[in-house]
Amino acid sequence: MLKYDYVIERTTGPSQIDRFSPNKIPKELDNLVLIEGPNSSGKSTLLNIIALGLFGNKSSKINSALQAKMNSLLDAKHQKLQFSFEIKSDLDKLIIRSKKTDPNSSEIIVEESLDGENFSPVIYENFEKKYNLIYDIPSNPTERLPELLKELRDEQRQYGNRIKDFGMFVHYTIQQIEKSRDLQRLKEVEERLKEQREKKKTIEDELPSSRDFLNMLQKAAFIMYYYHYLSEKSRLETRSEEIKKAIEDIDKTGRKVVREKIQEKRKIGELSNKLAENYNKVTPQLESILPKKLKKSFTIWKEFNPYTIEHDELTDIEIEASNYIKYIQEEMDEISKNPVYKDVSSIERILDLLKEFEYSELRISKLNVTIQDLINILREENEKRNSIIKKYKNYDNINRILNEIKGIVKEMKESLEAYKKESVAAEEYSKSSDLKYSQLNIELSQVTNELERANKKCREYHSRCILLGIEAKKLDGPYAEILKEIPKNEHVKECLALGEENVLKTITDLEGEISEKQKEMRALEITIKQYQTEKERLEKLEPHKYESFYNELNIIYTKVNRLSQKLLSIYNNDLNNLINNTLKEDDLKNNDNSRKYFDEVSKYLAHRIGNFRHIDRTYKAKTVNLILKTIITEDGSTIYLSDMGTGQSQSAFLLSLLNIKNDNRKIIALFDEIAMMDDISLKPVYEKMKELYYEKRLLLGVLVQKGNEINIKSLI
Amino acid sequence: MDEYSIVDFLMALTEDNFEKQTIKLISEGYTDDLLLEKLLEIIKGEKKC
């Protein structure tokens with residue numbers, strides 16, 4: 001049963017408002033009804049209000065002309081609408097009702113009741129899930145067939161979205177598994193753990209033998225080299241002492257020669273000073289006494305350098321001095337022959353004798369004088385003859401100096417000779433000793449360096465031996481004893497034969513290898529610990545119920561994604577091309593997928609149309625080709641849509657709207673303007689609607705056509 | 001008149017049994033959990049083969 005009412009206030013002039021409400025068509029109608037009536041009897045308004053009240057203006061499958069009519073009812077500028085209606089099923093307790101109570105608002109409230117008493121509001125999305133509103137005005141069926149495609153597109157999208165949502169659910173489930181106990185990850189971790197432990201074990205097995213060999217090689221090498229350098233050190237120390245002594249001997253001899261040379265030189269210097277002193281003293285005296293015949297030679301004398309150490313000049317001085325001595329001696333001999341000089345000499349001798357008695361009071365009676373007096377008298381006598389004495393004494397003094405000069409010259413000449421000899425000797429010694437001295441010093445330097453190196457090596461190998469645990473006292477003991485400490489090993493022996501440098505390199509390499517292995521071991525231990533922790537953490541996690549189907553879930557995820565992609569993108573595009581009439585036969589030639597899709601759409605449309613009347617026969621559609629605008633029938637006929645009568649094609653179209661399988665939604669079918677169809681064309685439509693009604697799939701079916709008077713015909 | 005639904009249409013477009021069953025199960029209103037169970041069975045079955 002359909003119960004309804006409405007009020008429409010429409011502004012038709014500046015101060016004129018027309019009011020419309022149902023006054024010709026009854027306000028209660030059966031659930032499946034055909035309404036005939038003249039224009040403006042409210043037939044279409046009723047259908048518009050029912051469709052509007054059931055979200056018809058939001059449904060994309062209702063054509064745009066009808067949508068525009070529904071929306072114009074809501075246009076509050078020139079009209080105000082209020083309505084309410086209720087559709088009650090005759091076959092069960094389902095009631096659906098809709099109302100718009102505020103004329104100034106577009107709010108429409110839809111409610112449903114499953115028990116016939118309690119109502120609850122229904123929103124558009126839920127209404128769509130439970131009810132299938134079909135509202136159509138089949139004016140041009142040929143053009144309207146694409147409408148079916150829109151419906152197909154909507155449903156295809158719904159499936160596509162449902163599958164997409166399911167894909168998201170699968171993805172979420174996969175994530176949940178990954179966050180819970182991830183078996184795959186656990187397996188990976190276990191494999192990695194096993195791998196790392198095996199690596200560690202390999203190194204653990206290798207390390208001890210490497211360490212043992214290194215230890216043996218170190219012990220053998222360090223002990224051997226320690227003793228080698230100890231022996232070398234001793235040899236070098238001995239040699240160093242020998243060289244030092246040899247150098248010292250050379251030093252001692254050299255010093256003696258030089259000392260003697262210096263002494264001679266110093267003596268020559270002293271004699272030279274003495275010579276000069278005497279020369280300077282005697283030269284003025286000589287000048288005053290020498291006769292003219294010697295003046296020439298005296299000129300030579302004066303030109304002498306008194307500080308000379310030249311041998312020839314010294315000889316000249318000696319010769320000149322001898323000449324002067326000779327001359328002076330002759331002069332002195334002459335003086336001594338002079339009686340006066342003799343007297344004076346005699347008196348002098350007497351005075352010398354009396355000198356002892358100079359203060360005696362003894363008186364010589366005959367002369368009546370005391371000895372003192374006598375001395376004085378004799379002195380007076382000598383004073384009278386003093387000049388000759390003075391002269392003699394002067395000569396004597398000069399001769400003495402000259403003789404002294406001669407002596408000095410002689411001594412100087414001897415010293416010069418000695419100095420010369422010593423110089424030659426020193427030079428000869430120097431020549432022979434310098435080379436040896438230099439060689440010894442070079443050798444000493446080398447020996448010192450070698451000794452230092454040997455010392456260093458000794459200390460180094462000693463320390464290394466101690467570090468290896470060899471007792472110091474054993475190292476200081478006899479070599480035979482320490483030999484017992486050297487490991488006997490063929491490989492060690494072979495290695496030692498390579499020489500110290502190679503052995504030390506081998507030891508360094510081995511130490512490096514062992515160190516690397518130890519580092520690797522430490523790194524592996526850390527990694528193993530990390531994997532162990534990860535394994536324990538993963539094992540502690542609660543297992544997800546689908547954890548063992550992780551791979552399968554990923555397969556499902558991939559497959560459903562692909563399927564939704566096809567429905568929402570590929571097929572959707574194909575369908576849009578069909579709807580927009582942009583698809584050409586040529587487009588399908590090289591595209592198998594699009595061809596297949598197009599063929600299936602053709603079949604789908606044919607099934608939607610099902611049986612239809614054409615001219616005077618009933619056909620069953622097999623395929624509908626929207627490119628060629630033909631229907632291929634089961635009996636092989638090709639019917640062009642353009643050749644079909646309007647009523648027949650309307651009928652075929654309405655049937656296609658009703659031919660819906662696997663859709664449990666309740667149908668509300670509203671068909672306007674079906675006047676083009678004759679009874680024969682309408683019959684399959686009535687039959688289909690009745691069938692749906694009795695199957696409880698049709699809640700309301702209203703068909704409207706133009707008539708001269710109001711005629712309501714129940715179809716149930 | 002035999003009926004031809006959107007499900008028949010979509011199933012006809014599928015490429016394998018998995019896709020076919022997915023469409024079918026969805027049309028039957030299976031929830032995500034149940035759908036997953038069913039599809040897992042299908043996948044496991046395919047693996048055995």
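# Exercises on a predicted two-chain model

β14(A) and β15(A) make a hairpin in which four residues lie between the strands, and G636(A) in the turn has a positive phi of about 90 degrees. Helices (H or I, at least four residues) and strands (E, at least two) are DSSP runs numbered from the N terminus, and two strands pair if DSSP finds at least two bridges between them. This is a predicted model, in which local features need pLDDT of at least 70 and side-chain atom pairs count only at pLDDT 80 or more, while totals for chains, interfaces and linings use all residues. Residues are numbered from 1 along each chain as its sequence is written, and chains are lettered from A and ligands numbered from 1 in the order in which they are written.

## Exercise 1: confidence

Find which strand of chain A has the lowest confidence and which has the highest.

Solution. Begin with the scale: pLDDT is the predictor's confidence in each residue, from 0 to 100. The mean for chain A is 87, and 98% of its residues reach 70 or more. Confidence is lowest in strand β12 (residues 611-614) of chain A, with a mean of 73, and highest in strand β6 (residues 95-100) of chain A, at 96. Where pLDDT is low, the predicted coordinates should not be read in detail.

## Exercise 2: the strands around β14(A)

Work out how β14(A) pairs with β13(A) and with β15(A), and which of its side chains are buried.

Solution. First, β13 (617-625) and β14 (630-633) of chain A pair in the antiparallel sense over four bridges, and the bridge partner of V624(A) in β14(A) is I631(A). Next, three bridges join β14(A) to strand β15 (residues 638-640) of chain A, and these two also run antiparallel; here I632(A) has T638(A) as its bridge partner in β15(A).

Then turn to the side chains, taking a residue as buried if 20 or more other C-beta atoms lie within 10 Å of its own, exposed if 12 or fewer, and partly exposed in between, with C-beta atoms placed from the backbone. The side chains along β14(A) alternate: I631(A) and T633(A) point to one face and are buried, whereas T630(A) and I632(A) point to the other and are not.

## Exercise 3: positive phi outside glycine

Compare the settings of K629(A) and N581(A), and decide whether each counts as buried, partly exposed or exposed.

Solution. Most residues other than glycine have a negative phi. K629(A), although not a glycine, has a positive phi of about 60 degrees, and its place is the hairpin of β13(A) and β14(A), which has four residues between the strands. K629(A) counts as partly exposed because it has 13 C-beta neighbours inside 10 Å.

N581(A) likewise has a positive phi, near 60 degrees, and lies in the loop between α15 and α16 (585-589) of chain A. N581(A) counts as exposed because it has 11 C-beta neighbours inside 10 Å.

## Exercise 4: a five-stranded sheet

Give the strand order of the open sheet of five strands, and explain why β9 and β18 of chain A each have one side without a neighbour.

Solution. The order is β9-β16-β17-β4-β18 (chain A), with mixed pairing. β9 (131-136) and β18 (711-714) of chain A stand at the edges with a single partner strand each, so one side of each has no neighbour in the sheet. Inside the sheet, strand β4 (residues 32-37) and strand β17 (residues 698-706) of chain A run parallel and are joined by six bridges, with Q705(A) in β17(A) as the bridge partner of E36(A).

## Exercise 5: the nonpolar cores

Identify the residues with the most contacts inside the largest nonpolar core, and list what A51(A) touches.

Solution. A nonpolar core is a set of buried Ala, Val, Leu, Ile, Met, Phe, Trp, Tyr and Cys residues joined through C-beta atoms within 7 Å. The largest has 99 residues, and those with the most contacts inside it are A51(A), I668(A), A669(A) and L670(A). Two residues are in contact if their C-beta atoms, placed from the backbone, lie within 7 Å; not counting residues up to four places away in sequence, A51(A) touches G56(A), M70(A), L133(A), Y135(A) and L670(A). A second, separate core of 19 residues includes L236(A), I243(A), V447(A) and L475(A).
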